[in-house]
Amino acid sequence: MNQLSDRLNRLSPSATLAMSQKSNELKAQGVDVINLSVGEPDFNTPDHIKEAAKKAVDDNFSRYSPVPGYPALRNAIVAKLKNENGLDYTVAQISCANGAKQSVCNTIMALVNDGDEVIVPAPYWVSYPEMVKLADGTPVIVTAGIDQDFKITPAQLEAAITPKTKALILCSPSNPTGSVYTKEELAGLAAVLAKHPQVYVIADEIYEHITYNGKHESIAQFPEIHDNVIIVNGVSKAYAMTGWRIGFIAGPEWIVKAVNKLQGQYTSGPCSVSQKAAEAAYTGTQAPVEEMRQAFQRRRDLIVKLAKGIPGFEVNIPQGAFYLFPKCDSFFGKSAGDRKINNADDLAMYLLEVGHVACVGGTSFGSPECIRMSYATSDENIVKAMCRINEALALLK
Ligand SMILES: Cc1ncc(COP(=O)(O)O)c(C=O)c1O
């Protein structure tokens with residue numbers, strides 16, 4: 001008998017983690033799998049950050065931290081927001097958590113009531129609708145296809161807002177599409193939001209430093225909605241620190257206080273040693289961030305060129321993050337032997353089992369006609385993977 005709570009029964013498991021697991025199983029059997037399913041930089045954490053963590057251990061920086069994080073880290077974040085984003089926050093407006101993932105979830109938990117609607121543009125990061133469901137809210141999916149570079153328009157946003165709308169979750173640069181909203185596009189969305197002051201924006205900017213078309217733009221910059229925006233960011237992607245688990249929110253003090261209350265009963269402050277590492281990331285040299293960004297840009301150019309050469313793929317040019325999200329519905333209905341491809345998840349499984357390349361089907365990103373490929377891997381792997389994908393797809397008739 002299923003004795004789990006309704007809340008847990010409603011929750012879907014993470015498709016990205018499931019694909020990684022499947023590809024690890026094949027690897028364990030000795031199959032040479034190229035993994036394009038992971039959502040993390042393949043670089044190591046820069047040395048000066050590791051040194052700061054080692055020193056923290058030696059200095060016995062090992063006690064419970066304040067729930068929102070040590071003031072030194074929060075001050076470093078305040079300075080980062082001022083210097084990089086031109087945004088003014090006080091230290092009381094920052095709350096750190098165990099990664100940006102917890103920061104998003106904390107904010108949803110703090111804001112969303114039973115039955116509240118949360119607008120989630122699709123394609124979306126897999127966790128957003130699930131987190132909304134955890135909070136007993138209703139995800140309202142607004143779809144933006146490849147023809148609009150996977151970005152919603154102000155008209156679409158306006159049409160989705162109802163009296164029950166509590167929040168919009170905006171991810172730019174985006175996982176899974178790599179799309180980036182320009183300042184003008186954000187201004188268009190802000191103009192709509194300004195007319196609906198009951199709607200908050202959870203702005204997930206975790207890929208801020210991985211952009212290919214100039215400086216990152218935050219939707220928090222528009223004064224007419226600034227007090228309704230909660231920025232989510234962290235060190236995971238920019239500083240190759242996914243395992244250190246430090247994220248943060250910056251937003252109105254009343255929301256930050258609520259998040260602190262929640263976190264105080266739930267997980268307490270994040271790891272003390274990781275906080276020292278994150279502080280070093282924000283206050284130290286930014287040169288490694290730029291080096292990694294350049295490597296991602298080179299790989300972006302490479303994978304886009306190769307993907308455009310694959311018959312049947314429709315490809316956008318990602319302006320940020322490290323994902324390509326080709327539309328591949330031209331293969332649906334085709335077969336190879338006794339294998340029929342009905343959807344993108346079938347195609348991802350086919351590419352794994354026949355081409356030995358792990359990608360993630362688009363269904364769990366709200367885009368069942370696409371697959372996600374992460375290019376956070378070597379140039380050599382990208383070339384080999386795209387060659388294998390091309391060969392495997394050519395077998396489909
Ligand atoms: C859009 C998006 N937001 C948040 C996160 C989570 O970041 P963190 O590792 O800091 O929890 C990810 C990680 O994949 C992501 O892709």
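Colleague: Where does the ligand sit?
Modeller: In the largest pocket. Keep in mind that this is a predicted model.

Colleague: How much space lies in that largest pocket?
Modeller: About 560 Å³. Its lining takes in 25 residues. Leu-17, Gly-39, Lys-101, Trp-125 and Lys-237 lie nearest the centre of the pocket.

Colleague: Which elements give two or more residues to that lining?
Modeller: Helix 2 (15-28) and helix 5 (100-111). Helix 2 has the largest share, with three residues.

Colleague: And how do the lining residues of the largest pocket divide by class?
Modeller: Nine are nonpolar, 10 are polar and six are charged.

Colleague: Back to the ligand. Which residues come nearest?
Modeller: There are 13 residues around the ligand. Asn-175, Asp-204, Tyr-207, Ser-236 and Lys-237 come nearest.

Colleague: What's the class split in that shell?
Modeller: Six nonpolar, three polar and four charged.

Colleague: What does the side chain of Asp-204 have 2.6 Å from the ligand, and which ligand atom is it?
Modeller: The side chain of Asp-204 puts an N or O atom at that distance from a nitrogen atom of the ligand.

Colleague: What about Asn-175 and the ligand?
Modeller: Here the ligand atom is an oxygen. A polar atom in the side chain of Asn-175 lies 2.7 Å from it.

Colleague: And Lys-237?
Modeller: A polar side-chain atom of Lys-237 lies 2.7 Å from an oxygen atom of the ligand. Lys-237 is also one of the residues nearest the centre of the largest pocket.

Colleague: How much of the ligand's accessible area does the protein cover?
Modeller: 92% of it. On its own, the ligand has 390 Å² of accessible area.

Colleague: New topic. How many cavities of 30 Å³ or more turn up?
Modeller: Two, from a search of the whole structure. The largest has a volume of about 130 Å³. The second largest holds about 50 Å³ of space.

Colleague: What lines the largest cavity?
Modeller: 16 residues. Pro-121, Pro-123, Cys-171, Ser-174 and Tyr-181 lie nearest its centre. By class, the lining has 11 nonpolar residues, four polar and one charged.

Colleague: Which strands supply at least two residues each there?
Modeller: Strand 3 (117-122) and strand 5 (165-171). Strand 5 gives the largest share, three residues.

Colleague: And which residues line the second largest cavity?
Modeller: Among them are Leu-170, Leu-186, His-216 and Ile-219. Asp-204 is in that lining too, and Asp-204 is also among the residues that come nearest the ligand. The class split is four nonpolar, three polar and three charged.

Colleague: Now the backbone. Which residues does the cis bond with omega of about 5° join?
Modeller: Ala-122 and Pro-123. Pro-123 lies in the loop between strand 3 and helix 6 (127-134). Pro-123 is also one of the residues nearest the centre of the largest cavity.

Colleague: What about the bond from Asn-175 to Pro-176, cis or trans?
Modeller: Cis, with omega near 25°. Pro-176 is in the loop between strand 5 and helix 8 (183-194). Asn-175 is the residue with a polar side-chain atom 2.7 Å from a ligand oxygen.

Colleague: Why flag bonds like these?
Modeller: Because most peptide bonds are trans.

Colleague: Last one. Is phi of Asp-136 positive or negative?
Modeller: Positive, near 65°. Asp-136 lies in the loop between helix 6 and strand 4 (138-143). Most residues other than glycine have a negative phi.

Note on methods
Residues numbered from 1 in each chain as written. Predicted model: local features only at pLDDT ≥ 70, side-chain atom pairs only at ≥ 80, totals over all residues. Heavy atoms only, no water. Near = heavy atom within 4 Å. Polar contact = N/O pair within 3.5 Å; in protein donor to acceptor, adjacent residues only side chain to side chain. Areas by Shrake-Rupley, 256 points an atom, 1.4 Å probe, with all protein chains shown as cover. 1 Å grid on protein atoms, 1.4 Å probe; cavity = no way out; pocket = protein on both sides within 12 Å on 5 of 7 lines; lining within 4 Å. Sits in = over half its atoms within 2 Å of the grid points. Nonpolar A, V, L, I, M, F, W, Y, C, P; charged D, E, K, R; others polar. Points joined across faces, edges and corners; volume = space filled by probe spheres on them. Helix = DSSP H or I, 4+ residues; strand = E, 2+ residues; numbered from the N terminus.
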